[in-house]
Amino acid sequence: MNFVSKVGLKKIMKKLLRYDTSKTFVFIDCETFNLCLNFCHNLPWQISMLKVQGDDIMASKDFYIKWDTHLKIGEEAARITRYSQQTMDKIGVAPEDIYPTVKDWLDNADYIVGHNILGFDIYLIKGLYEYMGDDYSHLVPKLIDTNCIARGIHTDKKYNKKDNFLEYQYRSIAKRVRGVKTNLTAMGKYYNIEHDYDKLHNALVDLELNLKVWNKLKREIDL
(Lines give C-alpha, C1' and ligand atoms only; values in the text may rest on other atoms or scores of the structure.)
Protein backbone atom coordinates (compact mmCIF):
# COMPACT_ATOMS: atom_id res chain seq x y z
CA MET A 1 0.00 0.00 0.00
CA ASN A 2 1.49 3.34 -1.02
CA PHE A 3 1.67 6.45 1.16
CA VAL A 4 -1.34 8.12 -0.48
CA SER A 5 -3.45 5.01 0.03
CA LYS A 6 -2.41 4.81 3.69
CA VAL A 7 -3.33 8.47 4.25
CA GLY A 8 -6.70 7.90 2.57
CA LEU A 9 -7.36 4.82 4.69
CA LYS A 10 -6.56 6.74 7.88
CA LYS A 11 -9.01 9.48 6.92
CA ILE A 12 -11.72 6.91 6.31
CA MET A 13 -10.99 5.19 9.61
CA LYS A 14 -11.26 8.48 11.49
CA LYS A 15 -14.74 9.01 10.08
CA LEU A 16 -16.04 5.55 10.99
CA LEU A 17 -17.50 5.05 14.43
CA ARG A 18 -16.05 1.57 14.83
CA TYR A 19 -12.54 3.05 14.87
CA ASP A 20 -13.33 5.94 17.23
CA THR A 21 -12.19 4.98 20.72
CA SER A 22 -12.76 8.47 22.12
CA LYS A 23 -16.57 8.26 22.09
CA THR A 24 -18.54 7.12 25.11
CA PHE A 25 -21.31 4.59 24.53
CA VAL A 26 -23.88 3.81 27.19
CA PHE A 27 -25.67 0.50 26.69
CA ILE A 28 -28.98 0.36 28.52
CA ASP A 29 -31.67 -2.26 29.05
CA CYS A 30 -34.89 -2.28 31.06
CA GLU A 31 -36.76 -5.24 32.52
CA THR A 32 -40.41 -4.36 33.04
CA PHE A 33 -43.69 -5.55 34.50
CA ASN A 34 -45.12 -6.17 31.02
CA LEU A 35 -44.72 -5.07 27.39
CA CYS A 36 -46.89 -1.94 27.47
CA LEU A 37 -45.12 1.22 26.26
CA ASN A 38 -46.95 3.60 28.60
CA PHE A 39 -45.90 4.42 32.16
CA CYS A 40 -49.57 4.31 33.20
CA HIS A 41 -49.58 0.55 32.68
CA ASN A 42 -45.93 -0.49 32.83
CA LEU A 43 -42.78 0.37 34.79
CA PRO A 44 -39.13 -0.74 34.66
CA TRP A 45 -38.19 -2.75 37.72
CA GLN A 46 -34.58 -3.24 36.59
CA ILE A 47 -32.39 -0.80 34.68
CA SER A 48 -28.84 -1.83 33.80
CA MET A 49 -26.18 0.19 32.02
CA LEU A 50 -22.69 -0.34 30.64
CA LYS A 51 -20.36 2.57 29.92
CA VAL A 52 -18.12 1.61 27.00
CA GLN A 53 -15.21 3.14 25.10
CA GLY A 54 -13.94 1.22 22.10
CA ASP A 55 -14.36 -2.46 23.00
CA ASP A 56 -13.79 -1.86 26.72
CA ILE A 57 -16.36 -1.69 29.52
CA MET A 58 -15.36 1.26 31.71
CA ALA A 59 -18.13 0.93 34.30
CA SER A 60 -21.47 -0.78 34.91
CA LYS A 61 -24.64 -0.14 36.92
CA ASP A 62 -27.42 -2.52 37.83
CA PHE A 63 -30.46 -1.02 39.57
CA TYR A 64 -33.54 -2.73 41.01
CA ILE A 65 -36.33 -0.20 41.37
CA LYS A 66 -39.12 -0.13 43.94
CA TRP A 67 -42.16 1.80 42.74
CA ASP A 68 -45.12 2.99 44.79
CA THR A 69 -47.58 1.40 42.38
CA HIS A 70 -50.52 -0.97 42.15
CA LEU A 71 -48.88 -2.67 39.15
CA LYS A 72 -47.84 -6.28 39.61
CA ILE A 73 -45.64 -8.41 37.42
CA GLY A 74 -47.43 -11.38 35.88
CA GLU A 75 -46.43 -14.93 36.71
CA GLU A 76 -45.15 -15.66 33.20
CA ALA A 77 -43.21 -12.37 32.96
CA ALA A 78 -41.66 -13.04 36.38
CA ARG A 79 -40.58 -16.50 35.23
CA ILE A 80 -39.03 -15.27 31.98
CA THR A 81 -37.19 -12.34 33.57
CA ARG A 82 -36.40 -14.21 36.81
CA TYR A 83 -38.04 -11.49 38.86
CA SER A 84 -37.55 -12.09 42.57
CA GLN A 85 -39.59 -10.21 45.14
CA GLN A 86 -37.06 -11.28 47.77
CA THR A 87 -34.24 -9.65 45.78
CA MET A 88 -36.35 -6.55 45.21
CA ASP A 89 -37.10 -6.24 48.93
CA LYS A 90 -33.41 -6.62 49.73
CA ILE A 91 -31.70 -4.33 47.20
CA GLY A 92 -34.48 -2.39 45.48
CA VAL A 93 -34.32 1.40 45.70
CA ALA A 94 -36.67 4.27 44.88
CA PRO A 95 -36.59 5.70 41.33
CA GLU A 96 -35.56 9.05 42.78
CA ASP A 97 -32.36 7.43 44.08
CA ILE A 98 -31.24 5.95 40.76
CA TYR A 99 -32.39 8.74 38.45
CA PRO A 100 -29.41 11.12 38.92
CA THR A 101 -27.01 8.37 37.77
CA VAL A 102 -29.20 7.30 34.84
CA LYS A 103 -29.59 10.91 33.73
CA ASP A 104 -25.87 11.66 34.10
CA TRP A 105 -24.82 8.62 32.08
CA LEU A 106 -27.37 9.12 29.31
CA ASP A 107 -27.06 12.89 29.05
CA ASN A 108 -23.28 12.74 28.83
CA ALA A 109 -23.01 9.74 26.50
CA ASP A 110 -22.04 10.34 22.90
CA TYR A 111 -24.26 7.41 21.92
CA ILE A 112 -26.93 5.35 23.69
CA VAL A 113 -27.19 1.75 22.55
CA GLY A 114 -29.81 -0.91 23.08
CA HIS A 115 -31.34 -3.90 21.33
CA ASN A 116 -34.86 -2.72 20.42
CA ILE A 117 -34.30 0.55 22.29
CA LEU A 118 -36.29 2.48 19.66
CA GLY A 119 -39.14 -0.01 19.78
CA PHE A 120 -39.34 -0.40 23.55
CA ASP A 121 -36.79 0.90 26.07
CA ILE A 122 -36.88 4.54 24.97
CA TYR A 123 -40.55 4.70 25.99
CA LEU A 124 -39.64 3.59 29.51
CA ILE A 125 -36.71 6.01 29.63
CA LYS A 126 -39.08 8.75 28.45
CA GLY A 127 -41.46 7.84 31.24
CA LEU A 128 -38.70 7.97 33.85
CA TYR A 129 -37.50 11.39 32.69
CA GLU A 130 -41.04 12.76 32.66
CA TYR A 131 -41.77 11.21 36.06
CA MET A 132 -38.83 13.25 37.37
CA GLY A 133 -40.03 16.40 35.60
CA ASP A 134 -37.42 16.38 32.83
CA ASP A 135 -37.48 16.28 29.04
CA TYR A 136 -35.96 13.25 27.32
CA SER A 137 -36.03 14.37 23.67
CA HIS A 138 -32.34 15.31 23.53
CA LEU A 139 -31.52 11.62 23.94
CA VAL A 140 -33.25 10.44 20.77
CA PRO A 141 -30.66 11.64 18.20
CA LYS A 142 -28.00 9.66 20.11
CA LEU A 143 -29.82 6.31 19.94
CA ILE A 144 -28.32 3.28 18.23
CA ASP A 145 -30.66 0.30 18.03
CA THR A 146 -28.72 -2.87 17.29
CA ASN A 147 -31.94 -4.70 16.45
CA CYS A 148 -32.67 -2.14 13.70
CA ILE A 149 -29.13 -2.44 12.33
CA ALA A 150 -29.30 -6.24 12.34
CA ARG A 151 -32.69 -6.19 10.64
CA GLY A 152 -31.36 -3.84 7.96
CA ILE A 153 -28.32 -6.03 7.31
CA HIS A 154 -30.30 -9.27 7.18
CA THR A 155 -33.01 -7.86 4.90
CA ASP A 156 -30.50 -6.35 2.46
CA LYS A 157 -31.41 -2.81 3.50
CA LYS A 158 -28.03 -1.69 4.74
CA TYR A 159 -27.49 1.86 5.90
CA ASN A 160 -26.50 4.39 3.24
CA LYS A 161 -24.42 7.30 4.47
CA LYS A 162 -26.68 9.65 2.54
CA ASP A 163 -29.59 8.64 4.78
CA ASN A 164 -30.49 10.13 8.12
CA PHE A 165 -29.40 7.37 10.51
CA LEU A 166 -32.30 7.81 12.95
CA GLU A 167 -34.83 7.70 10.11
CA TYR A 168 -33.08 4.62 8.70
CA GLN A 169 -33.45 2.87 12.05
CA TYR A 170 -37.15 3.69 12.31
CA ARG A 171 -37.71 2.33 8.82
CA SER A 172 -35.94 -0.86 9.86
CA ILE A 173 -38.32 -1.32 12.81
CA ALA A 174 -41.21 -1.66 10.37
CA LYS A 175 -39.31 -4.00 8.04
CA ARG A 176 -40.52 -7.56 8.56
CA VAL A 177 -39.28 -10.51 6.54
CA ARG A 178 -40.55 -14.02 7.21
CA GLY A 179 -37.85 -16.28 8.60
CA VAL A 180 -35.47 -13.44 9.55
CA LYS A 181 -34.80 -13.37 13.29
CA THR A 182 -32.80 -10.52 14.79
CA ASN A 183 -33.51 -10.85 18.49
CA LEU A 184 -30.49 -10.77 20.78
CA THR A 185 -30.26 -14.55 21.18
CA ALA A 186 -30.53 -15.12 17.43
CA MET A 187 -27.84 -12.55 16.69
CA GLY A 188 -25.51 -13.94 19.34
CA LYS A 189 -25.78 -17.43 17.89
CA TYR A 190 -25.54 -16.15 14.31
CA TYR A 191 -22.14 -14.65 15.15
CA ASN A 192 -21.12 -17.73 17.20
CA ILE A 193 -20.71 -15.57 20.29
CA GLU A 194 -19.93 -17.37 23.52
CA HIS A 195 -22.34 -16.27 26.23
CA ASP A 196 -24.47 -17.66 29.05
CA TYR A 197 -27.71 -17.67 27.06
CA ASP A 198 -29.61 -19.38 29.87
CA LYS A 199 -29.31 -16.21 31.96
CA LEU A 200 -30.70 -13.82 29.34
CA HIS A 201 -33.61 -11.56 30.34
CA ASN A 202 -31.51 -10.27 33.18
CA ALA A 203 -30.81 -6.72 32.01
CA LEU A 204 -27.09 -6.77 32.79
CA VAL A 205 -26.54 -10.18 31.16
CA ASP A 206 -28.47 -8.95 28.12
CA LEU A 207 -26.24 -5.90 27.86
CA GLU A 208 -23.06 -7.95 27.95
CA LEU A 209 -24.36 -9.90 24.94
CA ASN A 210 -25.61 -6.68 23.33
CA LEU A 211 -22.07 -5.27 23.45
CA LYS A 212 -20.65 -8.40 21.84
CA VAL A 213 -23.27 -8.22 19.08
CA TRP A 214 -22.59 -4.50 18.53
CA ASN A 215 -18.88 -5.23 18.16
CA LYS A 216 -19.81 -7.53 15.26
CA LEU A 217 -22.47 -5.31 13.70
CA LYS A 218 -20.40 -2.14 13.68
CA ARG A 219 -17.99 -3.79 11.24
CA GLU A 220 -20.83 -4.35 8.81
CA ILE A 221 -22.21 -0.83 8.68
CA ASP A 222 -20.57 2.38 7.42
CA LEU A 223 -21.53 4.54 10.35
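1. Let me start with Asp163, which counts as partly exposed at 30% relative accessibility. The acidic side chain of Asp163 meets that of Arg171 in a salt bridge, with 3.4 Å from N to O. Arg171, for its part, is partly exposed as well, at 46% relative accessibility. Elsewhere, Lys103, Asp107 and Asp134 are joined into one network by salt bridges that share partners. Please keep in mind throughout that this is a predicted model.

2. A word on confidence, then. The protein chain has an average pLDDT of 87, and 93% of the residues score at least 70. Where is confidence lowest, and where highest, in the protein chain? The low end is helix H1 (residues 3-15), with a mean of 44, while helix H4 (residues 95-108) stands at the top with 98. Over residues 1-13 the pLDDT stays under 50, and for that stretch the model has 3 contacts beyond four places in sequence. I would read the rest of this note with that N-terminal caveat in mind.

3. Back to the ion pairs: the count comes to 7 salt bridges. As a reminder, side chains of opposite charge can pair when their charged atoms come close. One of the pairs is Arg79 with Glu76, at 2.5 Å from N to O. What separates the two along helix H2 (residues 75-81)? They are 3 residues apart, so about one helical turn lies between them. Arg79 is exposed, with a relative accessible area of 54%, whereas Glu76 is partly exposed at 45%.

4. Helix H5 (residues 117-131) offers a pair of its own, Glu130 and Lys126. Their side chains form a salt bridge at 3.2 Å, N to O. The spacing here is 4 residues, which means about one helical turn of separation. Both partners are partly exposed: Glu130 has a relative accessibility of 43%, and Lys126 has 28%.

5. Next, how do helix H6 (residues 146-154) and helix H7 (residues 165-174) pack? Their axes are 8 Å apart and cross at an angle of about 70 degrees. An angle from 65 to 115 degrees counts as roughly perpendicular, so H6 is roughly perpendicular to H7. On the H6 side, the contact involves Cys148, Ile149, Arg151, Gly152 and Ile153. Facing them from H7 are Phe165, Tyr168, Gln169, Ser172, Ile173 and Ala174. By class, the residues of this contact come out as 7 nonpolar, 3 polar and 1 charged.

6. The loop between H7 and helix H8 (184-190) deserves a look, and Lys181 is found there. Lys181 counts as exposed, with 64% relative accessibility. Which residues does Lys181 touch, once those up to four places away in sequence are set aside? They are Ala186 and Met187. From Lys181 to His138, the C-alpha distance is 31 Å, with their positions 43 residues apart in sequence. Arg178 sits in the loop between H7 and H8 too, and it counts as exposed at 86% relative accessibility. Arg178 and Thr155 are 23 residues apart along the chain, and their C-alpha atoms are separated by 10.0 Å.

7. Asn34 belongs to the loop between strand S1 (25-32) and strand S2 (44-53). Is this residue buried or partly exposed? Asn34 is partly exposed, at a relative accessible area of 28%. Beyond its neighbours within four places in sequence, Asn34 contacts His41, Asn42 and Phe120. Measuring out to Met187, 153 residues away along the chain, the C-alpha separation from Asn34 is 23 Å.

8. Finally, some backbone geometry to check by eye. Most residues other than glycine have a negative phi. Asn116, however, has a positive phi of about 75 degrees without being a glycine. Asn116 is located in the loop between strand S4 (111-114) and H5, and is partly exposed with a relative accessible area of 29%. Asn192 also has a positive phi, of about 55 degrees, and is not a glycine. The loop between H8 and helix H9 (203-217) holds Asn192, which counts as exposed at 69% relative accessibility.

Terms used:
Residues numbered from 1 in each chain as written. Predicted model: local features only at pLDDT ≥ 70, side-chain atom pairs only at ≥ 80, totals over all residues. Heavy atoms only, no water. Axes fitted to C-alpha atoms, helices over the stretch in contact; angles between N-to-C directions. Parallel < 35°, antiparallel > 145°, perpendicular 65-115°, else oblique. Contact = heavy atoms within 4.5 Å. Nonpolar A, V, L, I, M, F, W, Y, C, P; charged D, E, K, R; others polar. Salt bridge = Lys/Arg side-chain N within 4 Å of Asp/Glu carboxyl O. Buried < 20%, exposed > 50% of the residue type's maximum accessible area, 1.4 Å probe, protein only. pLDDT = per-residue confidence, 0-100.
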